[in-house]
Amino acid sequence: MGYTEDDIQIFDKRDHMGFVRSHPKMFLPHENVSCGFFLGMMTDQVVSITETPILACRFQDWWCLAATTDWIPETHLKDLPNYFQSMIACPEWAINTVRFEIVMNVFLDDVFTFTQKETTLIKGELPAAEVIAEARKCSSDWQRILLFRKSNP
């Protein structure tokens, strides 16, 4: 299939989330995607980037990914909400891919992440205290935990 100059679309570099939202088929293989799909994609990304042991589980209606290495680059730690709103290249995962955190932020309702030192609500509601407590107990040497959910699974 050949492409012409008319096929090229310029997107607003300031609105990465709008681009992801308006091109779901570019980032998601199916129209109706489950939290299990997001967990699988994040698991694959984190293992590809860090080669670290991880734990994937579920607490009530929250899905959890815990890793013994913090997979978020140190350069983004001071501005985590922006990290989850940006299309960031991820060549370690696959050629021409972006890190999946932005896709989660666009299509999920609640996204929360924490380390031993900080907690950051990315979007939506905080998990209940007992969910956070259970997530903290899932691994003795975790460095980052990601909790997320979708209201209408």
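This is a short chat about the strands and a few loop residues of a predicted model.

Me: Before we start, what kind of model is this, and how are residues numbered?

Reply: The model is predicted, so to speak of local features pLDDT must be at least 70, side-chain atom pairs count only at pLDDT 80 or more, and totals for chains, interfaces and linings use all residues. Residues are numbered from 1 along each chain as its sequence is written, and side-chain values use heavy atoms, with hydrogens and water left out.

Me: Great. Let's look at β2. Is that strand mostly covered or mostly open?

Reply: Mostly covered: β2 spans residues 62–67, and six of its six residues are buried. Buried means under 20% relative accessible area, exposed means over 50%, and partly exposed lies in between (1.4 Å probe, protein chains only). Strands here are DSSP runs of E with at least two residues, helices are runs of H or I with at least four, and both are numbered from the N terminus.

Me: Which residues sit on each side of β2?

Reply: W62, C64 and A66 are on one side, while W63, L65 and A67 are on the other. Both faces of β2 are covered. As background, side chains in a regular strand alternate between the two faces of the sheet.

Me: How many bridges join β1 to β2?

Reply: Six, and the two strands run antiparallel, with β1 covering residues 54–59. Strands count as paired if DSSP finds at least two bridges between them. F59 stands opposite W62, and I54 stands opposite A67.

Me: And what's in the turn between them?

Reply: β1 and β2 form a hairpin with two residues between them. Q60 is in that turn and has a positive phi of about 55°.

Me: What about β2 and β5, how many bridges there?

Reply: Five bridges join β2 to β5 (residues 144–149), again in an antiparallel arrangement. I145 in β5 is the bridge partner of A66.

Me: Which strand pairs with β5 through D110?

Reply: That's β3, which is joined to β5 by five bridges and runs antiparallel to it. The partner of D110 in β5 is R149.

Me: Is β3 buried or exposed?

Reply: β3 (residues 110–114) is mostly covered, with five of its five residues buried. D110, F112 and F114 point one way, and V111 and T113 point the other way.

Me: Where does the chain go after β3?

Reply: A hairpin of four residues joins β3 to β4. Four bridges link β3 to β4 (residues 119–123), and these strands run antiparallel. T113 stands opposite T120 in β4.

Me: Switching to loops: what is the phi of E51?

Reply: The phi of E51 is near 55°, a positive value in a residue other than glycine. Most residues other than glycine have a negative phi. E51 is in the loop between α3 (35–50) and β1, and it counts as exposed because its relative accessibility is 71%.

Me: And N96, where is that one?

Reply: N96 lies in the loop between α4 (80–83) and α5 (101–107). Its phi is near 60°, again positive, and N96 is exposed, with a relative accessible area of 77%.

Me: What about P91, buried or exposed?

Reply: P91 is exposed, with a relative accessible area of 62%, and is found in the loop between α4 and α5.

Me: How many residues separate P91 from I145, and what is the distance in space?

Reply: They are 54 residues apart in sequence and 23 Å apart in space, C-alpha to C-alpha.
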